[in-house]
Amino acid sequence: LIGSAFVANEVLDYPTGPTTVSVVPVTLGSAGGSQSGATNAADLALIGATAGTGTASTEGVLSTPRVDSDAAVQRLNIKNGTTSVLSATLIQSHASVNGLSPTGTTIAKLVLGGQDLCVLLGLTSTCTPPPNTKLLDLSKTLTIVLNEQLTGSGVTTVNAVHVYVLGAGNPLGLPIGSDLIISSSTAGTGS
């Protein structure tokens, strides 16, 4: 069985080499069972957040086989200096193999640069974007993928929000080539 989740992961691409920060990673043992973790604003400060809480969990049953993994961040606020640049009421991902609920993402009031991204897509402020929905921010320095779903070799990973940094002067103030994932869940049987 394969199961994992994390609240957030940021890879900063500096000339001296990449630096990776992972917030509350949990990994399922190959025989199943369950793992979980929780975080608060102090832990989320590692990715530049000034507010938020989060949880990550994974559970698997070898005899079925079944794996369910979840990650969620609530009341997230990421600032660049004193300006709020990315905020959300909820960012949640779920990955499942023969599981209890379908694979996907739920996002509530995700705001980047003053724009609610779900509303921008023509959806309600609380939404489940179609898989692999790509947006380019107004400054054209970020690509944002909502409900990113990656599959292969019997494994599915769902990244609720994946931000790729394309250019200098981006709203998040991150180096070019960096990326930020918020709420990631992986489930699989490896077959």
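This is a short exchange about a predicted model and the terms used to describe it.

Colleague: Why is Asn147 called buried?

Modeller: The cut-off for buried is under 20% relative accessible area. Asn147 has 2%, so it is buried. The residue is found in strand β13, residues 142–152.

Colleague: How do you know what Asn147 is in contact with?

Modeller: Contact needs heavy atoms within 4.5 Å. Leave aside its neighbours within four places in sequence. Then Asn147 is in contact with Gly104, Thr105, Pro129, Pro130, Pro131, Asn132, Val158, Asn159 and Ala160. Ile107 is 40 residues from Asn147 in sequence, and the two are 9.0 Å apart in space, C-alpha to C-alpha.

Colleague: What makes the pair Asn147 and Gln149 a polar contact?

Modeller: The limit is 3.5 Å between N or O atoms, one able to donate a hydrogen and the other to accept it. The side chains of Asn147 and Gln149 make such a contact at 3.0 Å.

Colleague: And His162, is that residue buried or exposed?

Modeller: Buried means under 20%, exposed over 50%. His162 has 7% relative accessibility, so it counts as buried. His162 is found in strand β14, residues 155–165. Its side chain makes a polar contact with the side chain of Tyr164, at 3.0 Å. Leaving aside neighbours within four places in sequence, His162 is in contact with residues including Thr143, Ile144, Val145 and Asp179.

Colleague: What makes a set of residues a nonpolar core?

Modeller: The members are buried residues of the listed kinds, among them Ala, Val, Leu and Ile, joined through side-chain atoms within 4.5 Å. The largest such core here has 38 residues. Ile47, Ile78, Leu110, Ile144, Val161 and Leu172 touch the most other members. A second, separate core has seven residues, including Val67, Ala95, Val97 and Ala187.

Colleague: Which residues does Leu110 touch?

Modeller: Among them are Leu86, Ala88, Ile91, Leu117, Leu146 and Val161, not counting residues up to four places away in sequence.

Colleague: Why is strand β7 called largely enclosed?

Modeller: Strand β7 covers residues 83–97, and eleven of its 15 residues are buried, so the rest of the structure largely encloses it.

Colleague: How do you know that β6 and β7 pair?

Modeller: At least two bridges are needed. β6, residues 66–80, is joined to β7 by 13 bridges, and the two run antiparallel. One bridge partner pair is Val67 and Val97. The hairpin of β6 and β7 has two residues between the strands, and Gly81 takes a positive phi near 75° there.

Colleague: What makes β8 and β9 partners of β7 as well?

Modeller: Set them against that cut-off of at least two bridges. β9, residues 111–112, pairs with β7 over two bridges, in the antiparallel sense. There, Leu86 has Leu112 as its bridge partner. β8, residues 104–108, pairs with β7 over five bridges, also antiparallel. Ile91 stands opposite Ile107 in β8. Six residues lie between the strands in the hairpin of β7 and β8, where Asn98 takes a positive phi near 55°.

Colleague: What makes a residue part of the lining of the largest pocket?

Modeller: A lining residue has an atom within 4 Å of a pocket point. Residues that line the largest pocket include Leu112, Gln115, Leu135, Asp137, Ile144 and Pro171. α2 (117–120) and β12 (133–136) each supply at least two lining residues. The space in this pocket is about 150 Å³.

Conventions: Residues are numbered from 1 along each chain as its sequence is written. This is a predicted model: local features need pLDDT of at least 70, side-chain atom pairs count only at pLDDT 80 or more; totals for chains, interfaces and linings use all residues. Side-chain values use heavy atoms; hydrogens and water are left out. Helices (H or I, at least four residues) and strands (E, at least two) are DSSP runs, numbered from the N terminus. Buried means under 20% relative accessible area, exposed over 50%, partly exposed in between (1.4 Å probe, protein chains only). On a 1 Å grid over the protein atoms alone, a cavity is a set of points where a 1.4 Å probe fits but cannot get out, and a pocket is an open set with protein on both sides within 12 Å along at least five of seven lines; lining residues have an atom within 4 Å of a point. Grid points are joined across faces, edges and corners, and a volume is the space filled by probe spheres set on the points.
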